[in-house]
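Biologist: I am new to this one, and I would love a friendly tour. Could you show me the model, so that I can ask my questions?

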Amino acid sequence: MSQATEVERKFLVAELPDLTRARAVRIRQGYLTSKADSVEIRLRQKGDTYLTTLKKGAGLERVECEANISEVHFDAFWPATEGRRVEKTRWSGQLAGGATFELDIFEGTLAPLVLVEVEFGTVKEATGFQPPAWFGQDVTDDARYSNASLAASGAPAPSA
């Protein structure tokens, strides 16, 4: 099990980039907790890997504790996530400055939502980050775009 502080910025995507050099993996995740809880506990299947994750906090800097679990355990708890699920394809690649991006193309009721995240080593790196032109609006501090909120409430209406 690993616990770390996650420093991450999240953006809407203004225009899909060239993904020919990126890697794709299908993800399905569900939440065992509700939006009103003080922590998030989620199950995630990422390709052939099964995980449970606890997240605490909101916005730019959060505590994250993640552990691998068996497919049997995942399947046992998965029904408890009914009504709080997300399915997406995650594309991971490199930005010009060397940072890794994770671009999520959501499926089902969340389509056509597309978000991109970049993780950083420090808050200073995150606040100094200059996003490329294909990044859209910064939604790091907009709780409506957290995966837990998307799973429970759906995608927010587009801004006018």
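Biologist: Which residues lie nearest the centre of the largest pocket?

Modeller: Keep in mind that this is a predicted model. The lining of the largest pocket is made up of 48 residues. Those nearest its centre are E6, E8, E40, K55 and R62.

Biologist: Nice start! What is the volume of the largest pocket?

Modeller: We have just met the 48 residues that line this pocket. The space itself comes to a volume of about 880 Å³.

Biologist: Which element gives the largest share of the lining of the largest pocket?

Modeller: Several elements each supply at least two residues of the lining, among them β3 (39–46), β4 (49–56), β5 (61–68) and α3 (147–153). β7 (100–106) and β8 (114–120) are also on that list, as is β1 (2–13). With eight residues, the largest share comes from β1.

Biologist: And how many residues of the lining are charged?

Modeller: Let's go class by class. The lining has 12 nonpolar residues and 13 polar ones. Its charged residues number 23.

Biologist: Let's turn to the rings. Which residues form one aromatic cluster?

Modeller: The structure holds eight aromatic pairs. One cluster of aromatic residues is formed by F11, F101, F120, F129, W134 and F135.

Biologist: Which residues of the largest nonpolar core touch the most other members?

Modeller: This core has 17 residues, and those with the most contacts to other members are F101, V116, W134 and F135. At least two of the core's residues come from each of β1, β7 and β8. The largest share, four residues, is from β8. To come back to your question, the residues are F101, V116, W134 and F135.

Biologist: The charged end of R28 sits over which ring?

Modeller: Look for the charged end of R28, which is 4.7 Å from the centre of the ring beneath it. That ring belongs to W78.

Biologist: Which residues are joined by a cis peptide bond?

Modeller: One partner, P112, is in the loop between β7 and β8. The omega angle of the cis bond is about 10°. The two residues joined by it are A111 and P112.

Biologist: Is L95 buried or exposed?

Modeller: L95 is in the loop between β6 (85–94) and β7. Its relative accessible area is 12%, and the cut-off for burial is under 20%. L95 therefore counts as buried.

Biologist: How does D141 compare: is D141 buried or exposed?

Modeller: D141 is also in a loop, between β9 (135–138) and α3. Its relative accessibility is 69%, and the cut-off for this class is over 50%. So D141 counts as exposed.

Biologist: What separates the C-alpha atoms of V123 and V7?

Modeller: V123 is in helix α2 (residues 123–128), and it is partly exposed, with a relative accessible area of 32%. Along the chain, V123 and V7 are 116 residues apart. In space, their C-alpha atoms are separated by 6.3 Å.

Biologist: One last pair: how far apart in space are Y50 and P132?

Modeller: Y50 is in strand β4 and is buried, with a relative accessible area of 10%. In sequence, Y50 and P132 are 82 residues apart. From C-alpha to C-alpha, the distance between them is 32 Å.

Notes:
Residues numbered from 1 in each chain as written. Predicted model: local features only at pLDDT ≥ 70, side-chain atom pairs only at ≥ 80, totals over all residues. Heavy atoms only, no water. 1 Å grid on protein atoms, 1.4 Å probe; cavity = no way out; pocket = protein on both sides within 12 Å on 5 of 7 lines; lining within 4 Å. Points joined across faces, edges and corners; volume = space filled by probe spheres on them. Nonpolar A, V, L, I, M, F, W, Y, C, P; charged D, E, K, R; others polar. Phe/Tyr/Trp six-rings, centres within 6.5 Å; stacked < 30°, edge-to-face > 60°. Lys NZ or Arg CZ within 6 Å of the ring centre and 35° of its normal. Core = buried A, V, L, I, M, F, W, Y, C linked by side-chain atoms within 4.5 Å. Buried < 20%, exposed > 50% of the residue type's maximum accessible area, 1.4 Å probe, protein only.
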